[in-house]
Every structure is written in C-alpha cells, then in structure tokens.
Amino acid sequence: MKDRLKAIWEKIKNFWLKFNKKQRILFVTIFVVIIVVIIVLSKVIGKKDMVKLRACSNETEVVEIRNLLNDNNISATVDEYNNIFVADSDYVEAKLVLGSNNISSAGYTLDDAVSSSLSTTETVMKEKYTAYLESKFKQDLESMDAIKSARVNISYPETGNSIFSETQDAKITAVLDLRKELSDEQAEAIGLLLATNVGNDNTNSVIIVDSQSNVLYSGNKANSSFTSNSTQKVKAMLENAIIKGAEDLIYSTRLYNDVQIMINLDVNFDNVEVVDHKYTAPDGTDNGLPTHSYVINSEGQLATAGGNPGTESNDSDTDYDIINSDGKSSTYTLSKYDWVQNEVITTTSKTPGEVNLKNSSMAIVCIKNTILTEEEAEEQGLLDDMTWEEYKKANSEPVETTVQDNILNAVATGSGIAAGNVSIIAYNTMTFFDKEVTSSSNPWFVIQIILAVLIAGVLIFIIIRSTRPVAVEETEPELSVEDMLATTKQQQPPVEEIDLQDKSETRKAIEKFVDENPEAVALLLRNWLNEGWN
C-alpha cells in the first residue's frame with residue numbers, strides 16, 4: 001500500500017513538473033479563484049434566514065440568554081438594540097430552551113414586571129415596570145410600517161418630599177430607525193401614543209429623533225408653537241399655488257426651460273371680529289315705542305311766616321317770618337321715558353389667512369439652457385480656431401439676457417402682485433457633451449478582450465496537455481567512471497611519455513577532462529580513496 005501511494009505521488013509530481021513556472025502560477029491562480037467563488041456561493045446559498053427570538057431590556061439579559069442557547073448548540077446573533085435572532089430552523093427549539101428555563105420568548109412581559117418577592121423594594125418594582133413599558137413601546141413602534149427598529153427610554157422624576165415631584169411628568173425619549181420618512185402628523189401621533197400610555201397629561205416631555213439625530217417631534221415645541229406651525233403651512237400652501245401658476249405661465253412661452261421662483265406673501269392670520277349696531281325708529285314715530293315712563297309733578301306756594309325765631313318754645317301754631325316773602329307759588333315736573341327702537345346688529349368675522357397682495361413681492365429667475373455636443377460644434381465650425389476644451393471654458397459662464405415687458409406684466413396680472421413688486425431676471429446657459437467613446441475604441445475594453453482571450457487560450461492549453469497521453473521517454477543508462485575513462489581513452493591518441501618540462505597530449509587530455517567533468521573526477525577520486533582504505 002505504501003509503495004502504491006508513493007507511486008501515485010510520483011505520478012502527480014511528474015505531472016506537475018511538466019509545466020513551466022508561468023503555467024504553474026496561472027494554474028494555482030485559477031484554482032484559488034475557483035475555490036473563492038465556491039466559498040462565496042456556499043455562503044450566499046447556505047445563508048440561514050434569521051428570525052427574532054426575544055427583545056432584551058439590557059445587556060445582562062442578552063448575555064444570559066445567548067449563553068443558554070450556545071450551551072444547547074443553538075447559534076444566536078445580537079443586534080445593536082439587544083434583539084436576539086436565531087435561524088428559522090432553530091426557532092422552535094430555541095423557544096423550548098427558553099421556556100424550560102422560565103424565560104419568555106416574547107420579550108419583557110407584564111408578568112416579569114409585576115413578579116416580586118418579600119425583598120423587592122418599591123424602587124425595584126418601578127424599574128421593572130419601566131422596563132416593561134420600554135419593551136412594550138419598542139414592540140408597538142416596530143410593528144409600524146415606516147419604522148425598522150426603535151429604542152425607548154422612560155425616565156420618571158425622583159420621588160421626594162416636595163409636592164412638585166408628584167405632579168411632574170415622565171420624560172420619554174424614542175430613537176427610531178426609519179424605513180421611510182414620517183410626516184409631522186405621524187410623528188405627533190407617536191408622541192401622543194407614548195405620553196398617553198405612560199400617564200402624562202401632555203406631550204411636553206416627549207422627544208422623538210431618528211437614527212440620523214434629526215428631531216422628528218418635540219412635545220414642548222409642538223405645544224408652544226402649534227399656531228405658528230399651522231400658519232406657516234397655510235402660508236406655504238398659498239405661496240406654492242401662486243408659484244405654480246407663475247411657472248406654468250412662463251413655461252407656456254417656450255422661451256425658457258428652467259424657472260426658479262421665490263415669493264413673499266403678506267398673510268394676515270389675526271382673528272378680527274367686527275360688530276356693527278344700527279338703530280332706527282319704527283314707522284310713524286319719531287322716537288320709537290315707549291316701554292317705560294317715569295313722571296314726577298310737585299307744586300308749592302309761599303306764605304307769611306309767624307312766631308318768634310330762636311330757641312324759645314313756641315305755641316302749637318308756629319310760623320316763621322320770612323323777610324321779603326311775596327306769597328308766590330312754584331311747580332316741579334320730572335318726566336323719564338324708555339323708547340324701543342329698531343336695532344340691526346351685524347357681526348363680521350374675518351377668516352385668518354387673508355393675503356395682502358399690495359405688500360407681497362416675488363422674484364423670478366428664468367434660465368434658457370442650450371445643449372451642445374462636440375459633434376454639433378464641429379459641424380457648425382465652432383472649433384475651427386479653438387479646441388473643444390477651450391470652447392467649453394470660454395462659454396461656461398451664464399450670460400444675462402433681457403426679459404420682455406409683456407412677460408413681467410402677465411406674471412403681475414396673473415398673480416395679483418403689483419408689477420413694481422415683481423422682479424424677473426433671465427440667463428442663457430450651455431450644457432456640453434463630449435464625444436461618446438465607443439467600446440471598440442476604448443483601450444481598456446480592448447485590453448480586457450485580449451486578457452480574456454489569453455486566459456481562455458491558457459485554459460484550453462492546460463486542458464489539452466492534461467488530457468494528452470504522456471509519452472514514455474527511454475533514458476540512457478548512466479555511464480560509470482570507468483566507462484567514461486575508457487571512452488575518453490579511445491577517443492584520444494596514444495599516450496606518449498610524460499615530459500615534466502613540456503605538457504604532453506595525455507596531460508592536456510586529462511586536464512581537459514578534469515575541466516569538463518569535475519563531478520566525475522571527484523567521484524573517481526572518492527572511489528580510489530575508498531578502495532585504498534579498504
């Protein structure tokens with residue numbers, strides 16, 4: 001068996017040595033590429049579908065559950081939001097493992113929050129309930145179409161002796177990873193959802209941001225500036241309506257292919273209520289119909305007075321003498337009447353959002369863009385005195401043009417804004433396109449074709465060489481040292497006597513043999529020495 005394996009190894013070795021160095025490098029490279037492709041495909045094809053097993057409230061819980069699953073040979077992964085995922089094929093087994101250890105796969109539940117013992121303090125119970133709410137909000141938000149993942153943090157005010165701590169609302173912060181953009185109304189609805197379920201009276205303490213640190217909703221600002229935001233939206237709608245009409249009007253002239261409009265509308269959002277009272281007398285009367293009258297009549301007459309003035313007692317018939325009394329009479333009359341008149345009350349309430357066009361203004365920029373290709377420039381003779389790059393550089397800046405008065409008047413009339421408050425400027429611009437480089441003229445494309453042909457040729461050559469039967473070459477038997485000396489001796493002329501002074505032909509032949517065959521001479525000397533010792 002050992003000899004057979006050795007023979008197989010020798011065949012493989014001989015087959016490999018048939019190729020030169022470049023062929024070996026190419027063969028190894030192709031082999032490595034094929035292995036890499038097979039590995040990548042196996043990873044992609046064999047990738048398991050992961051499903052969410054549980055949402056953990058903290059890192060300690062994550063470590064505990066992951067170790068538990070790993071001990072049962074279930075592979076688990078954890079994302080940045082402390083969610084544990086397992087393969088779809090292992091989901092049922094993972095739920096059974098968690099269930100056998102009294103752990104729910106649904107996440108932090110209400111039972112987890114209310115479970116307690118005699119040693120559980122009120123602070124711990126509150127923390128557990130807060131963790132339950134955070135987990136519940138997380139699941140509720142992630143069930144929405146626009147939200148990919150969510151994190152919710154609830155912070156209750158510290159309990160103290162002050163009555164203000166009991167009336168403070170919990171602070172709620174939500175971080176959302178969005179699949180698509182949320183509207184203002186949707187963000188406000190999420191804020192109301194969080195505040196209501198926590199028990200806050202309002203959304204002042206709710207803040208919602210996305211994963212890019214953009215504020216989606218701030219309850220404090222939303223409540224304080226609700227009217228301001230509404231008025232801005234109404235103003236934007238009015239401005240967009242006028243801008244759309246002005247754009248359509250300018251585009252209809254076919255003189256410009258790009259229009260930019262900025263408008264500043266003077267919009268009054270004050271609530272004004274006017275009450276107008278008008279009174280008229282009924283027909284046939286001058287003062288109206290009386291509803292109430294009050295009349296007082298008083299008459300008096302002066303008489304002669306008698307008796308002694310002073311402090312003395314007087315008789316029953318007491319009169320006082322009044323000097324210059326002439327005995328005349330007097331009359332006093334007081335009349336008061338209430339009249340009913342016809343009354344007309346007119347109440348006028350002006351709707352907020354009234355546009356004052358006299359104080360509004362608008363600015364318009366019209367652009368006429370001309371497209372020029374390098375081929376068209378050559379045909380028009382524009383490149384006779386300059387290159388294409390020079391022409392582009394000379395005509396790259398916008399050129400201001402004059403706007404016709406009738407366009408300005410048409411925009412002013414259509415929008416209702418005075419012509420003096422409308423400003424229009426126009427520019428001519430050019431867009432240049434170079435010659436398209438075809439694939440046949442692209443040098444890199446040609447190089448790719450050549451490389452592809454060479455690689456295909458090398459592969460074909462390797463396949464042909466590997467499938468061709470190996471020719472058996474007969475190797476000549478190696479000559480021993482004695483045979484080589486005998487052959488050399490036959491080829492040399494007869495040996496003459498050695499002359500110590502002059503080199504003979506034999507000496508020259510021996511030196512030549514030594515120079516040409518140093519290995520053979522060394523082997524011969526070694527054999528001689530071995531024979532001498534033996």
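**Figure 1. The whole chain at a glance.** About 39,600 Å² of the chain is exposed, and carbon and sulfur atoms supply 54% of it (accessible areas come from the Shrake-Rupley method with a 1.4 Å probe; for residues, only the protein chains shown count as cover). This is a predicted model, so local features need pLDDT of at least 70 and side-chain atom pairs count only at pLDDT 80 or more, while totals for chains, interfaces and linings use all residues. Residues are numbered from 1 along each chain as its sequence is written, and side-chain values use heavy atoms, with hydrogens and water left out. The chain has 17 helices and 15 strands (DSSP runs numbered from the N terminus: helices are H or I with at least four residues, strands are E with at least two). Of its 534 residues, 22% are buried (buried is under 20% relative accessible area, exposed is over 50%, and partly exposed is in between, with a 1.4 Å probe and protein chains only). Among contacts with a separation of 6 or more, 66% link residues 24 or more positions apart (a contact means heavy atoms within 4.5 Å).

**Figure 2. Where the predictor is confident, and where it isn't.** Mean pLDDT for the chain is 75, with 71% of residues at 70 or more (pLDDT is the predictor's confidence in each residue, from 0 to 100). Helix 7 (residues 164-167) has the lowest mean pLDDT among the elements, at 48, and strand 14 has the highest, at 92. Over residues 161-165 pLDDT stays under 50, and the model has three contacts there beyond four places in sequence. Residues 223-227 also stay under 50, again with three contacts beyond four places in sequence.

**Figure 3. The sheet with strand order 4-5-6-7****.** Four strands make up this open sheet, and the pairing is mixed (two strands pair if DSSP finds at least two bridges between them). Strand 4 (147-155) and strand 7 (215-218) are the edges, each with a single partner strand, so one side of each has no neighbour in the sheet. From one strand to the next, the twist averages 15° (axes are lines fitted to C-alpha atoms, for helices over the stretch in contact, and angles run from 0 to 180 degrees between N-to-C directions). Strands 4 and 5 (residues 171-178) run antiparallel and are joined by eight bridges; Asn153 sits opposite Thr173 in strand 5. Helix 6 (residues 122-142) packs on the sheet, touching strand 4 and strand 5, and its direction makes about 155° with that of strand 4. Helix 8 (residues 184-198) packs on the sheet too, touching strands 4, 5, 6 (206-210) and 7, at about 135° to the direction of strand 6.

**Figure 4. The largest nonpolar core****.** This core holds 22 residues, and Leu176, Ile190, Leu194 and Ile208 touch the most other members (a nonpolar core is a set of buried Ala, Val, Leu, Ile, Met, Phe, Trp, Tyr and Cys residues joined through side-chain atoms within 4.5 Å). Helix 6, strand 4, strand 5, helix 8 and strand 6 each give two or more residues, and helix 8 gives the most, with five. Leaving out residues up to four places away in sequence, Ile190 touches Leu141, Met144, Ile147, Leu176, Leu182 and Ile208. Apart from this core lies another, of 21 residues, including Tyr256, Val259, Val403 and Ile417. In soluble globular proteins, nonpolar side chains tend to be buried together.

**Figure 5. A close-up of Ser149.** Ser149 lies in strand 4 and is buried, with a relative accessible area of 7%. Neighbours within four places aside, Ser149 is in contact with Tyr81, Glu142, Val175, Leu176 and Asp177. Val175 is 26 residues from Ser149 along the chain, and their C-alpha atoms are separated by 8.5 Å.

**Figure 6. The sheet with strand order 8-13-15-14****.** Here four strands form an open sheet with mixed pairing. Strand 8 and strand 14 (399-401) are the edge strands, each pairing on one side only, and the twist averages 25° from one strand to the next. Helix 13 (residues 405-415) packs on the sheet, touching strands 13 and 15, and its direction makes about 120° with that of strand 15. Strand 14 pairs with strand 15 (residues 422-433) in the antiparallel sense over three bridges, and the bridge partner of Glu400 in strand 15 is Tyr427.

**Figure 7. The two faces of strand 8****.** Side chains alternate along strand 8 (residues 258-268): Val259, Ile261, Ile263, Leu265 and Val267 point to one face and are buried, whereas Asp258, Gln260, Met262, Asn264, Asp266 and Asn268 point to the other and are not. Strand 8 runs antiparallel to strand 13 (residues 354-373), with 10 bridges joining them. Ile263 has Met362 of strand 13 as its bridge partner.
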